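Here are a few short exercises to work through with the model open beside you. Try each task before reading its solution.

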Amino acid sequence: MNENYPSHEAGGAVAEIDLPLQPIPIPIRLTVSGLYQWRPPIVIHPPQIPPPIPVPIPHPDPGPQVEAPEAADAALTPLPPFLLRREELRLDVDRTYAQMTVSGTSFLGLSERVHWIASLTPAGVRRWVGRIWYRNGQTALMPYTAVTVQAVASLFPSQRSAKVTFSGGGATPITRTYAYVSPYFHPVEFEFDRVANAVAVTEIKTCAHPNRPAGLPCETLSIDTVYRRAGFDVKSSGGSGVIPVSGAGANGTWSDAEMHDAMQVYWSRFANKAQWAMWVLFAARHDMGSSLGGIMFDSIGPNHRQGTAMFSDSFIAQAPAGDPAAAAWVERMRFWTACHEMGHAFNLAHSWQKALGTPWIPLVNEPEARSFMNYPYRVAGGQAKFFADFEFRFSNPELLFMRHAPARFVQMGNADWFDHHGFEQAETELEPTLRLELRANRNQARFEFLEPAMLELKLTNVSDEPQIVDRHLLTNSEALTVILKRAGRPARQWVPFARYCRKSEPTVLAPGASLYESLFAAAGRNGWDLAEPGNYTVQVALQRDGADLVSNPLAVRIATPASRDEERLAQDLLTDPVGRILAFDGSQVLDSGIAALQEQVARFPAHRGSLHARIALATPLQRDYRRLAVDGGPTPASAGKSGGSFVTVPARPDVAQQQLQAALFADPDRAAESLGHIDYKYYVDTYSEWLADRGDSATAAACETELGKTLAARQVKPTVLAEIERRASSYAAKAAKPKRG
Amino acid sequence: MAYVEVHFQDGFEHDRASVRLNGREVWSSAALHTRTQISYADQARIEVPEGTAQLAVEVVGRGAVSVELPAAPRPLYVGVSLIDGRLTCHLQSEPFGYA
C-alpha cells in the first residue's frame with residue numbers, strides 16, 4: 001500500500017456493472033462491454049486400449065519392417081498449445097464513453113495475428129451489426145467484411161458471452177461464441193514515485209474550481225479512475241515511494257537522462273520489454289526550467305513510453321492573476337498534467353498534432369478538443385474556455401485508439417513514441433467495396449542495394465456492384481499517402497517529387513476488376529527513404545470520398561552492398577538529382593545526377609540498378625529536348641529578366657536505342673522483375689511506338705512480341721497479353737506493308 | 001534591454017534555421033528538431049532595441065516568415081511552427097508552457 005498518496009477507489013471488478021450494493025435498483029442495468037475470448041474446443045480422444053497379448057508370445061519377426069504404430073498415435077497427439085488459434089474480442093457499446101465499436105485480434109501460432117475493427121449500430125436487444133473498416137497483420141486470416149454481435153448479459157460473469165457472426169468478403173460465414181473475460185479492454189499497472197521536494201497530485205475534487213462544466217458530476221476523481229473510464233483495468237505496482245532529490249544531480253533539476261536512470265532504479269517493474277505498465281514521477285523542476293510542466297521522457301532506447309514525469313514547480317503552478325480559486329486551479333493543472341503525460345505513454349499525440357509526425361494513416365487535428373491531450377491555454381479563448389467545457393476525459397478518437405487499436409501501438413515499451421500514434425482518428429474508414437493491395441513483382445520484396453525499389457498498387461472492386469472510381473486515383477495525387485517504416489526507426493511519410501492534379505476521369509470498375517499503378521517510393525523530397533540496407537514496412541492509404549482505404553503492409557528488404565565500390569558509388573547515387581532523374585525518366589539539366597548514373601552503367605553494367613539508369617539516361621535522348629538556358633547571377637529574379645531562352649538539345653536516337661535495347665531486352669525477365677510489370681510494359685510500349693514512328697515497325701513488332709512472351713511467362717493476366725499481341729500484330733502488318741517509293 | 005523569445009515548436013525535423021533582427025542574423029541552428037511529446041524544438045532569446053523591430057525567421061527549404069514587433073509590451077514571445085508544410089508564427093505576451 002502506498003502511504004504517500006491518497007488511496008484509490010477499489011479495483012475494477014466493482015465497476016463491472018452499474019450496480020451499487022444496497023439497495024438493488026430495479027431494473028438492474030447490466031452492461032456487456034468488455035473483453036471476451038475464444039479458443040477452439042479441446043478434443044479429448046478416447047483412451048487407447050492396448051490389443052490383447054497373443055498367446056503364445058511371438059518371437060521377434062526378422063521379416064520386412066512394417067510401419068510403426070507410433071505414427072498413428074502421433075497423428076492423434078494434440079498440437080502444442082502455442083500452435084492453437086486464440087481470439088480476443090473487445091465489445092464497446094454500453095459502458096463509459098461507449099465508442100459503438102467492436103474489435104478483435106486473432107492469434108495463430110507465435111507470430112501470426114490479424115487485428116480488425118468494426119463500427120456498430122444497434123439491431124435489436126443487445127444485438128449490433130457493423131462493417132469491418134480496419135485490418136492489420138495477416139489479413140488473409142480475416143477475409144470477412146461484416147459482423148453481427150449478439151451479447152448475453154448476466155449478473156454472473158461466467159454466464160456472459162458474445163456470439164459474433166462474420167460474413168461477407170466472399171468467405172463462408174462463421175459464428176464464434178466468445179466467453180466474457182473482463183469489463184476492461186486492457187490491463188495496466190501504474191507506479192507513482194515522488195521526489196522529496198515535489199508535490200504529487202493523483203486525485204482531485206472535480207468541483208473545487210468554480211469554472212467548470214455546469215453538468216460535471218462532483219466527485220473525487222483519481223488518475224486511476226480516469227484510465228479505468230478509458231477502458232483499462234488499472235492496478236498499482238505497489239512499489240511507489242519517495243525519491244531523494246540527489247537523484248537529480250548537483251543542480252537539483254532533472255534531465256531526461258537522470259529521470260531515465262531513476263526509472264531503472266526506483267521502478268519495481270522496470271524491464272527492457274513491452275509491458276502494460278508505466279512509471280510516473282512527480283518531480284519539482286526539469287532542467288528546461290519552469291516552462292516545462294511535464295514530459296513523457298522515455299523516447300530513447302529500444303523501449304519507449306515507459307516513463308513520464310510531472311514538474312510541480314513549473315508554470316502549471318502559476319494560477320492566472322485574479323483567479324477566484326487559485327489553489328484549486330493549480331491542483332487541477334497538476335492533475336491535468338499527470339493525466340496528459342501518461343496519455344503520451346499510451347502513444348497519444350497532442351490534439352493539434354494528429355496529422356504531424358508519422359501517423360499511421362492521414363489524420364485530422366483536433367485543436368479545440370476538450371481532452372487531456374490538448375493544452376488548455378492553446379484553445380480559442382484560452383484556459384478559461386477550455387476548463388469551462390472540460391469533463392476530465394479523452395476525446396472519442398483517442399478512446400477508440402486506446403481501446404481498439406492493435407495493442408502494440410498502445411502498449412508501453414512497444415511501438416516507438418509517435419509511431420502509429422495517428423491511428424485513432426475515426427474518419428479513417430475503410431471502404432469495404434474496394435481493396436487496395438501493395439506488392440512487388442517478385443516472390444519476396446527483396447531489392448539489391450542501389451536497385452530502385454519499384455512497387456505496385458492494385459485497387460480491386462471486391463463488391464458485387466460496379467464501382468465508379470477516378471481513372472487516376474492511384475497516381476501521385478494528394479489522395480495517396482505512403483508510409484515507410486524502417487525496422488528500429490520511426491516511420492516516415494514518402495513525399496513524391498511531384499503530385500499530379502488531374503481532371504477527374506470517372507471510370508467504371510466492374511466487380512472483380514482492378515486498377516494498377518506503379519509506385520517509385522525509393523526516393524522523394526524527403527530523400528532516399530527506401531534505399532539503405534535493412535528491413536522496411538511500407539503501407540499506403542488512399543483517400544476516397546472522405547474515407548481512407550488502407551493497403552496491406554508490405555515487408556521490403558534492401559540488401560547490403562555487394563562490394564566497397566557499390567558503397568562508394570552510393571554516395572553519388574543516393575542524391576536528390578538522381579532521385580529526380582529516375583522519378584521523371586530523365587533529365588538534360590541535372591548534370592551531377594546524369595554523371596552518377598553514367599558511372600553506374602559504366603562500372604556495373606550488369607547490376608539491376610543499371611537497368612533503371614539506362615532508361616533514365618536514354619529517354620531524354622529519344623527526341624529533341626528543349627532546355628531553358630538562363631544566364632543569371634546567383635539570385636536570378638526570373639528567367640525572362642535574366643535573359644533566359646530555350647535552346648534545343650538535338651536527339652541522339654542511336655544512343656537512345658542502344659541503351660533501351662540493353663535495358664529492356666538483354667534479360668527481359670530480369671528487367672520485368674526489376675522495373676515491375678506495369679513500368680516494363682510502359683517502357684516497351686513507348687519504345688516500340690517510338691521505333692515505329694521512326695519507320696522501324698519490324699523492330700517495334702519484335703519488341704512487343706518479346707514483351708508478350710516475357711509477361712506471359714510471368715503469369716500476367718490474359719487481357720494484357722491480348723492487348724500486347726494486338727500491338728505486335730499491328731506493327732508487323734505495318735512492317736510488311738510495302739513502302740511507297 | 002528588453003528581449004523577445006522565439007520558440008520553435010511543432011513540425012521541425014533536423015532543419016537549419018536562422019533568426020534575423022532588422023536584417024542582421026542574431027541566432028541560428030543547424031539541426032532544429034521538434035520533440036513531439038512537448039511540441040518544442042528550441043528557443044532563441046534575442047535582445048531588441050526600443051521601438052518597433054523587424055524579426056525574420058528562415059528555415060532552409062521550408063520557408064521564411066517575418067513579423068513586425070510592436071514597441072510594447074516587452075518581453076514578447078514568438079512561437080514558430082511548421083504546419084502542413086507552411087511556416088507559421090504567433091505572438092503572445094505570456095511565456096509559453098509545454099507538457
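**Exercise 1.** How many residues of chain A are in contact with chain B, and how many residues of chain B are involved?

*Solution.* Keep in mind that this is a predicted model, with ipTM 0.88 and pTM 0.58. Take as contacts the residue pairs whose C-beta atoms lie within 7 Å. Counting on both sides gives 21 residues of chain A and 11 residues of chain B. Next, sort the chain A side by element: strand S15 (294-295) and H4 of chain A each give two or more residues. H4(A) has the largest share, with 4 residues. Finally, sort that side by class, which yields 10 nonpolar, 10 polar and 1 charged residues. As for confidence in the partner, chain B has a mean pLDDT of 92, and 100% of its residues reach 70 or more.

**Exercise 2.** Find which residues touch the most other members of the largest nonpolar core in the model.

*Solution.* Begin with burial: 42% of the 741 residues in chain A are buried. The largest nonpolar core holds 119 residues, and Val149(A), Ala283(A) and Ala309(A) touch the most other members. Helix H4 (residues 326-345) of chain A is the top contributor to this core, giving 8 residues. A second core, separate from it, has 77 residues, among them Phe449(A) and Val556(A).

**Exercise 3.** List what Val149(A) touches, leaving out residues up to four places away in sequence.

*Solution.* Going along the chain, the partners are Leu91(A), Val102(A), Leu120(A), Arg127(A), Trp128(A), Ala162(A) and Val164(A).

Key
Residues are numbered from 1 along each chain as its sequence is written. Chains are lettered from A and ligands numbered from 1 in the order in which they are written. This is a predicted model: local features need pLDDT of at least 70, side-chain atom pairs count only at pLDDT 80 or more; totals for chains, interfaces and linings use all residues. pLDDT is the predictor's confidence in each residue, from 0 to 100. A residue is buried if 20 or more other C-beta atoms lie within 10 Å of its own, exposed if 12 or fewer, and partly exposed in between; C-beta atoms are placed from the backbone. A nonpolar core is a set of buried Ala, Val, Leu, Ile, Met, Phe, Trp, Tyr and Cys residues joined through C-beta atoms within 7 Å. Two residues are in contact if their C-beta atoms, placed from the backbone, lie within 7 Å. Ala, Val, Leu, Ile, Met, Phe, Trp, Tyr, Cys and Pro count as nonpolar, Asp, Glu, Lys and Arg as charged, and the others, Gly among them, as polar.
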